Structures are given as structure tokens and as C-alpha cells.
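Thanks for making the time this morning. I would like to walk you through one protein model, going from individual strands to the whole chain, and you can follow along on the screen.

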Amino acid sequence: MADFVIPAPPVPAIPVSGGGAFPVRRVYCIGRNYAAHAVEMGHDPDREPPFFFQKNPNNLDASGNFPYPPHSSDVHHEVELLVALKSGGTNIPLDQALSHVFGYGVCLDMTRRDLQGEAKKMGRPWEIGKAFELSGPVGPVLPVAEVGHPDQGRVALSVNGALRQEGDLNQMIWKVPEMISYLSEYFELQAGDVIMAGTPSGVGAVVRGDVMEAVIEGVGTLKVKVV
Ligand code: MN
């Protein structure tokens, strides 16, 4: 191994239900994967090719606290299914895609919507709106042995007990095997890669002190306080 000339950063990791930790290599996030959310964001819900952006692996955080980020006054919640890969490759056929999944979890794609909106308007990348510090609150990863491959079930998020987002995994425009297969045509997927599978409609702003409670039926719940 090389002699690092500065202290090596820690390997980002997510806790696993039942023990241990899942090391995170890359974070792929799909945009507009529920028709009703595409519509609320002002887009056509037709099935266009999927598109992805990325967060940074160390944006994921299982502390249960979400620090309100700087330079935004419109930070939105997006509840999403997290797909964690135990292996990968290129050009993965659809019928083999699920064999690469280690497990699933509940996560939030927190978004500085005002900065994302400016970036969209100017044709700039989305990182400033999407890939900021601790922008990906996550719950534990549940191994497939425990949770199977959930493809239906209620997805919901409430803020301070009031329902904001609600949908069903079966409304995802691009299903988990399709996202894995598609991504593997453009990137070499590897163990440790995760996919955030898109959000149903009802996204909205939070403020400090809010408590977000996300639930995906059959996968789990995630409670996060905005601090
Ligand atoms: Mn999202």
C-alpha cells in the first residue's frame, strides 16, 4: 500500500441491520422516477430515458440528525428507497441485475431546492443543490435475506406528524433491475455502490426543529431531526 502523505479519510459506511457496516463507494441518484413528482416539478411524466446525478459517499449519514445547510432557504425532503450493491460489472442484463443487490434501506435525498433551481435554469450541474454535507440521511441497510426485493409497498414521509409525501414503490417509472442495468451500461458498478431510487410527490421544505419520519412498507422507518 502507498504511504499516504496526509491522513487517509475514513471509508464512508452505513449500518447494517443485524450488525456490521456497509462500505459506500459511489452514490447514484435517479431523477423524476415517480410520474406525480415529475409533474409537480414541472416536467412531462412520459417514460423518457432515466437520468442520474450523484451524491458523495460521505454525504450519507445515519446519525438521525440533519444539519440545516448554508446558502439555502428552501431545503426539501425526498424520501427514497436505497439500493445497496454487493457486486457489479458492466452491461448487466436485466435478469441478472437483482443478484448484485446486498440489501435495501430508507433514505432521504435532501435538496437545496433554490440552488438546484438556479443550476437548472443556468444549465449548470446539480451538485451544489444535491451533494452537500450530510445531505443523505439513511437508515440501516436490510440484507436481501431479511427483506427480499421490495417492488411494492407504501412510501411516505411526514413532518412533525403531518403527512407530506405518499406513494408506492410500484409507481417507480424505472424499476430497480432497470436502474442497475442502465447504470452498468455507462459506469462500471462495483460492490459498495448505492442507488437512491427516486421520490414520490409531495416534496417540500423543512426548517430547524422539524422531525421528518420516513417509512417504506416492508423496509423500515427513518426518523431524522433538522438541527
Ligand atoms: Mn431524489
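Strand β3, which covers residues 26–30, and strand β15, which covers residues 193–196, run parallel and are joined by 4 bridges. If you look for a pair of residues that shows this, Y28 stands opposite I195 in β15. I should say straight away that this is a predicted model, so please keep that in mind through everything that follows.

These two strands belong to an open sheet of 6 strands, and reading across it the order is β4-β3-β15-β8-β9-β12, with mixed pairing. At its edges you will find β4, residues 52–55, and β12, residues 142–143, each of which pairs on one side only.

There is another sheet to look at, an open one in which 3 strands follow the order β10-β7-β16 with antiparallel pairing. Here β10, at 111–112, and β16, at 204–205, each have a single partner strand, so one side of each is left without a neighbour in the sheet. Strand β7, residues 75–77, runs antiparallel to β16 and is joined to it by 2 bridges, and in β16 the residue that partners H77 is G204.

Now let us turn from strands to loops. Most residues other than glycine have a negative phi. With that in mind, N91 deserves a look, as it is not a glycine and yet has a positive phi of about 50°. You will find N91 in the loop between β8, at 79–85, and β9, at 101–108. Is N91 buried or exposed? Its relative accessibility is 54%, and because the cut-off for exposed is over 50%, N91 counts as exposed. N160, also not a glycine, has a positive phi near 50°, and N160 lies in the loop between β13, at 154–159, and β14, at 162–168.

Finally, let us step back to the whole protein, whose secondary structure comes to 5 helices and 18 strands. Its C-alpha trace spans about 45 × 45 × 40 Å along the principal axes. Why might we call its radius of gyration that of a compact globule? With 227 residues, such a globule would have a value near 17 Å, and the protein has 17 Å, which agrees. Of the 227 residues, 48% are buried. Among contacts with a separation of 6 or more, 75% are between residues 24 or more positions apart. As for charge, the protein has 18 positive and 26 negative charges, and their mean positions are 5 Å apart.

Definitions and conventions. Residues are numbered from 1 along each chain as its sequence is written. This is a predicted model: local features need pLDDT of at least 70, side-chain atom pairs count only at pLDDT 80 or more; totals for chains, interfaces and linings use all residues. Side-chain values use heavy atoms; hydrogens and water are left out. The radius of gyration is taken over C-alpha atoms; the globule rule is 2.2 Å times the number of residues to the power 0.38. Buried means under 20% relative accessible area, exposed over 50%, partly exposed in between (1.4 Å probe, protein chains only). Contact means heavy atoms within 4.5 Å. Lys and Arg count as positive and Asp and Glu as negative; His and the chain ends are not counted. The place of a charge is taken as NZ of Lys, CZ of Arg, CG of Asp or CD of Glu. Two strands pair if DSSP finds at least two bridges between them.
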